[in-house]
Amino acid sequence: MHNLRTVKQEMIEFPEHLLKEVGRQMAKFPDGKQKSAVLSILHIAQAHFGYLSEPVMDYVARLLHILPIEVYEVATFYSMFDTQAVGKVKLEVCRTGPCMIEGSEKIIAYIELKLGIKVGQTTPDGLFSLKTVECLGACGYAPMLQAGNQYHEHLTEEKVDSLLATYRENSESNYWGLKNHGS
Ligand code: FES
């Protein structure tokens, strides 16, 4: 899985410019309340390291002077964070009520069929990961999915074919967003 955004364990340290950003995030909170910056720092960490491995979460805990468990709790609560390596393009299909009524189950099954993987898995070439998530606030455009910074709405099987083809054709592009934080 050469495209998986894995991280070398010995390289778990932010470069200088990201350490400055971490400092800026922590400075937004009063003394003693720096742990409130955990969400923003986890976003930076995920964008830089690819996913939040245990060593990465431990590193974030050390930066914030909090217990690792406090970081694990946040990282595992929000679906936007990945605690395992994911593919280059993460397809997050909404499965909440309105999207379900409009056919999200069918869309999920179709993506599984097209990619040959199940929800929670990554394609062997490391390009696509498939996840399901709760409401992404685009209920009026159901069914929908998020891939990186992009929302894909009113999904049909034809639209899925088209977006998979587009991502395959542009597999060298950066779909993770937060480009300023990228490695
Ligand atoms: S229910 Fe799918 S975006 Fe809200």
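**A four-stranded sheet and two loop residues**

Leucine 91 stands opposite leucine 130 in β2. Keep in mind that this is a predicted model.

Student: Okay, so how many bridges link β1 and β2, and in which sense do they pair?

Tutor: In general, strands of a sheet pair through backbone hydrogen bonds, either parallel or antiparallel. Here β1 covers residues 89-94. Its pairing with β2 runs over six bridges, and the sense is parallel.

Student: Which strands sit at the edges of the sheet?

Tutor: Start with the strand order, β2-β1-β3-β4, in an open sheet with mixed pairing. An edge strand pairs on one side only, and that holds for β2 and β4 (150-152).

Student: What angle does α6 make with β1?

Tutor: α6 spans 104-115. It packs on the sheet and touches β1 and β2. Its direction relative to that of β1 makes about 155°.

Student: Is alanine 142 buried or exposed?

Tutor: Alanine 142 is in the loop between β2 (128-133) and β3 (145-147). Beyond residues up to four places away in sequence, it touches Pro98, Cys99 and Glu102. The cut-off for buried is 20 or more C-beta atoms within 10 Å. Alanine 142 has 22 such neighbours, so it counts as buried.

Student: And isoleucine 117, how does that one count?

Tutor: Isoleucine 117 is in the loop between α6 and β2. Leaving aside neighbours within four places in sequence, its contacts are Glu112, Thr122, Thr123 and Leu130. Because it has 17 C-beta neighbours inside 10 Å, isoleucine 117 counts as partly exposed.

Methods:
Residues numbered from 1 in each chain as written. Predicted model: local features only at pLDDT ≥ 70, side-chain atom pairs only at ≥ 80, totals over all residues. Buried ≥ 20, exposed ≤ 12 C-beta atoms within 10 Å, placed from the backbone. Contact = placed C-beta atoms within 7 Å. Pairing = 2+ DSSP bridges. Axes fitted to C-alpha atoms, helices over the stretch in contact; angles between N-to-C directions.
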